[in-house]
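Let's walk through this structure together, from one loop residue out to the sheet and the cavities. Have your viewer open and follow along.

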Amino acid sequence: MTTEKEITWQERSHAKRHAILSAIPKKWRITGTIPSAVDLRDCTESYIQQYLSPREIEITEADAVLITQYTTVGSWSAVEVTEAFCHRAAIAHQLVNCLHEIFFDIAVAAATALDAYFAEHQKPVGPLHGLPVSLKDQFHIKGVETTMGYVGWIGTFEGNKGDTRARTFESELVRELRNLGAVLFCKTSVPTTLMSGETANNIIGYTWNPKNRHLSCGGSSGGEAALLALRGSPAGFGTDIGGSIRVPAAFNGIFGLRPSTGRLPYEGTANSMDGQSTILSVVGPMATTARSLKLLVKAILEQSPWNHDPLVHELPWRNSVERQIQERIGGDPSALSFGIMHHDGVVQPQPPVQRAIRLMEEMLRSQGHQIIDWRPPPHKIAHVIAEETFQMDGGADVHAHLALSGEPQPPQCFVAETTYLKAVEIANLNIRKRQYQKSYLDYWHSTSSLTRSGRPVDAVVCPTAPHAAVIPGRYRHVGYTSFVNVLDLTSAVIPIIHASKDLDQLEHADLGQHAEYDASLYDGAPVGIQLIGRRLEEEKILTLAEYVHDSWVELSSSAPNTS
């Protein structure tokens, strides 16, 4: 008889991968061979729609706001909505490898209970009543496994065999989503270690970009973004310590929010390098529209998460801030000012990203807004601080979890130095971070002398990465996102354009990112930009994100060559 000790990591990963596929109902499995990326580059929209009924398409292509407008009044049943998204998510996984956990039966049972509640009480459980919500595979859900991409976590609780919490524990966010009436139905893929701009692990392999299957979906919330891009979910949650929400959002043409630390609950969520507090990971929403992000944040804050997570600020949603920004948007356009950063001083963006930032600047100017050339303290400083922070344990945490199964580290994932920082070195790192935060804050406030309003710039527009959805193995620079984490700013990603082999040709040879640029290969890859505010400005940035994107859509629809 084979003992557990004799089972190889390959056998364990194969069994888990097979179990994930087996959880898909047979009626939803794709028969025949799925075309290669050469024959099928883009599997979104019309391609995935062929597997769905017209009613399923109608439901799954509605955003979270529209869905809840129907489900909270009983016009759409929770069961019908849940089954439609479960079907589409099942197809999505077979196309791009985006799911770690499938529990559709549990979801349908929960939806059935919601419909019964509405029938009896003629009111919804909460503002997210009947809304399917997907989660990155860091969140614990009762009765569902969490592997976080580690083979050694299979059949355990965060790698601890025999831990009694393995089938009963739930993350605080999960508890709150249930209270709000959301239906949880799947968990999405992550890279081993979580520290990667791509999503790959030894359980399911590589997660591909739905818009261009030659390219990466990003990381570490890559599976979440890929699922949303295929409309296999209307809304979800990821985490972000160096760009892990924003990079996948930009690479997949969806919306994502990196809130400041302490705004949304992280309590009870699995993590890499748990206990490191120089740069904290944060929970944030991801969705197919900006208004859906706002719906999710407002709903979670209604649950008073500060009563259950000791690190959450007692800061309810501030309607007054939202109204103030809306009044300024609807009033004099010159009352708004934006900083524009084309280049972080470290890595020059590739042509598609340059075009996206240039178009955003032109659009904002055309709306009458003031544009300030953003020249902050050197971003190289932030990049070094982030790099040292992520290396501070010498890779001990990562290597310990890999050693549980003996699995190798995927080449796309984080590789730590073998030396670790001493306490005095960590203290010095924290001092350097605080000093940089102060210098950046002072610079931001100094822009009040440049604006017509006499106030500091309202938000900064900058790239999310130096490239569009990246070629596998070529994610080189996280500096465009990690500086936000070092500073603990609020940042939302807005989808803008798609790379074009006709519009985004490289004019001259260059080093670094440009040396690897291939206009034909990148063709069709989504490009998203960041809209960054100051610390704890979630209301302001979400309101501006919706306005800026709506303005962009209006402009680009009248000038098709901008897209």
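**From a loop to the cavities**

Start at L194, which sits in the loop between β3 and β4 (200-201). Keep in mind that what you are looking at is a predicted model. L194 is a handy place to begin, since an unreviewed UniProt entry includes it under "binding site", along with S220, I241, G242, G243 and S244. These residues are spread over 51 residues of sequence, yet they cluster in space, with a largest C-alpha distance of 10.8 Å. Of this set, L194, S220, I241 and S244 are part of the lining of the largest cavity.

So what is that cavity like? Searching the whole structure turns up two cavities of 30 Å³ or more, and the largest has a volume of about 70 Å³. Its lining is made of 13 residues, and the ones nearest its centre are L194, M195, I241, N271 and S281. How does the lining of the largest cavity divide into nonpolar, polar and charged residues? The split is five nonpolar, seven polar and one charged.

Now bring in the other annotation. For "active site", the unreviewed UniProt entry lists K136, S220 and S244. Here the spread is 109 residues of sequence, but again there is a cluster in space, the largest C-alpha distance being 10.7 Å. K136, S220 and S244 are each found in the lining of the largest cavity. Both S220 and S244 also appear in the "binding site" annotation of the unreviewed entry. As for K136, you'll find this residue in strand β2.

That strand takes us to the sheet. Eleven strands form an open sheet with mixed pairing, and the order runs β1-β3-β2-β8-β10-β9-β14-β15-β13-β11-β12. Which strands are at the edges? They are β1 (99-102) and β12 (370-373), each of which pairs on one side only. If you ignore direction, neighbouring strands of this sheet are turned by 25° against each other on average.

For a close-up of one pairing, go to β11 (residues 337-340) and β13 (residues 459-463), which run in the parallel sense and are joined over three bridges. Within this pair, I340 stands opposite V461 in β13.

Next, look at what packs on the sheet. Helix α8 (residues 222-229) lies across β1, β2 (132-136), β3 (183-188), β8 (235-240) and β10 (282-287), and its direction is at about 155° to β8. Helix α10 (residues 290-302) packs on the sheet too, touching β8, β9 (255-258) and β10, with an angle of about 140° between its direction and that of β10.

One stop is left: the second largest cavity, with a volume of about 40 Å³. Its lining consists of A250, F251, V353, P463, T464, A465, H467, A468, P526, V527 and G528. Which elements each supply at least two residues of this lining? They are α9 (246-252) and β15 (526-533), and β15 gives the most, with three residues. By residue type, this lining holds eight nonpolar, three polar and no charged residues. Set that beside the lining of the largest cavity, with its five nonpolar, seven polar and one charged, and you have both linings in view.

Note on methods:
Residues are numbered from 1 along each chain as its sequence is written. This is a predicted model: local features need pLDDT of at least 70, side-chain atom pairs count only at pLDDT 80 or more; totals for chains, interfaces and linings use all residues. Side-chain values use heavy atoms; hydrogens and water are left out. On a 1 Å grid over the protein atoms alone, a cavity is a set of points where a 1.4 Å probe fits but cannot get out, and a pocket is an open set with protein on both sides within 12 Å along at least five of seven lines; lining residues have an atom within 4 Å of a point. Grid points are joined across faces, edges and corners, and a volume is the space filled by probe spheres set on the points. Ala, Val, Leu, Ile, Met, Phe, Trp, Tyr, Cys and Pro count as nonpolar, Asp, Glu, Lys and Arg as charged, and the others, Gly among them, as polar. Helices (H or I, at least four residues) and strands (E, at least two) are DSSP runs, numbered from the N terminus. Two strands pair if DSSP finds at least two bridges between them. Axes are lines fitted to C-alpha atoms, for helices over the stretch in contact, and angles run from 0 to 180 degrees between N-to-C directions. Contact means heavy atoms within 4.5 Å. UniProt positions are given in the numbering used here, feature names are shortened, and annotations may be inferred rather than shown by experiment.
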